[in-house]
Amino acid sequence: IVFTTNGDEPHFGMPASNTYSTPFQTPQGVTTLKYICRDKAGNNEASVKTQVYTVDSVLPTITVLSNT
């Protein structure tokens, strides 16, 4: 599996850092993951797949105005 998170189209000539080998973290905010796979027989997936992830680790602020 080769992937990008910067909007570029992945391809099999990319650097090793773009080859999935271990879990990776996405930053705070919206990340677009594009990826394409190749099986052990050398067959490439027909098209690039895209997934969009939103990471929101900021806790909301809650204010109580009345307890009645």
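With a relative accessibility of 23%, Cys37 counts as partly exposed, because the value lies above the 20% under which a residue is called buried and does not exceed the 50% over which a residue is called exposed. In this predicted model, Cys37 belongs to the loop that connects strand 2 with strand 3. Once residues up to four places away in sequence are set aside, Cys37 touches Ile1, Phe12, Asn43, Asn44 and Glu45. Its C-alpha atom is separated by 36 Å from that of Leu59, a residue 22 positions away along the chain.

One of those contacts, Glu45, can be followed from its own side. Glu45 is likewise found in the loop between strand 2 and strand 3, and, leaving out neighbours within four places in sequence, Glu45 is in contact with Ile36 and Cys37. Is Glu45 buried, partly exposed or exposed? Its relative accessible area is 25%, so Glu45 is classed as partly exposed. Between the C-alpha atoms of Glu45 and Thr4, which stand 41 residues apart along the chain, the separation is 16 Å.

Ile36, which Glu45 contacts, leads into the strands. Reading along the sequence gives the pattern β-β-β, with three strands and zero helices in the chain. Strand 1, residues 2-4, pairs with strand 2, residues 29-36, in the antiparallel sense over three bridges, and within this pairing Ile36 of strand 2 is the bridge partner of Val2. Strand 2 is also joined to strand 3, residues 49-55, by seven bridges, and these two strands again run antiparallel. In that second pairing, Leu33 stands opposite Gln51 of strand 3. Strand 2 therefore takes part in both pairings, with strand 1 and with strand 3, where a pairing requires at least two bridges.

Outside the strands, two further residues help to place the remaining segments. Ser17 sits in the loop between strand 1 and strand 2, and its relative accessible area of 60% means that Ser17 is exposed, since the class begins over 50%. The C-alpha atom of Ser17 is separated by 8.9 Å from that of Val2, 15 residues away along the chain. Asp56, by contrast in location, lies in the segment after strand 3, and Asp56 is exposed as well, because its relative accessible area is 57%. Asp56 and Asn18 are 38 residues apart along the chain, and their C-alpha atoms are separated by 24 Å.

These local views can be set against the chain as a whole. Along its principal axes, the C-alpha trace spans about 65 × 20 × 20 Å. The radius of gyration is 19 Å, whereas a compact globule of 68 residues would have a value near 11 Å. Of the 68 residues, 15% are buried. Among contacts in the chain with a separation of 6 or more, 45% are made by residues 24 or more positions apart.

What share of the accessible surface belongs to carbon and sulfur atoms? The chain exposes about 5,500 Å² in total, and 54% of this area belongs to those atoms. As for charge, the chain has 4 positive and 5 negative charges, and the mean positions of the two groups are 8 Å apart.

Notes:
Residues are numbered from 1 along each chain as its sequence is written. This is a predicted model: local features need pLDDT of at least 70, side-chain atom pairs count only at pLDDT 80 or more; totals for chains, interfaces and linings use all residues. Side-chain values use heavy atoms; hydrogens and water are left out. Helices (H or I, at least four residues) and strands (E, at least two) are DSSP runs, numbered from the N terminus. The radius of gyration is taken over C-alpha atoms; the globule rule is 2.2 Å times the number of residues to the power 0.38. Buried means under 20% relative accessible area, exposed over 50%, partly exposed in between (1.4 Å probe, protein chains only). Contact means heavy atoms within 4.5 Å. Accessible areas come from the Shrake-Rupley method with a 1.4 Å probe; for residues, only the protein chains shown count as cover. Lys and Arg count as positive and Asp and Glu as negative; His and the chain ends are not counted. The place of a charge is taken as NZ of Lys, CZ of Arg, CG of Asp or CD of Glu.
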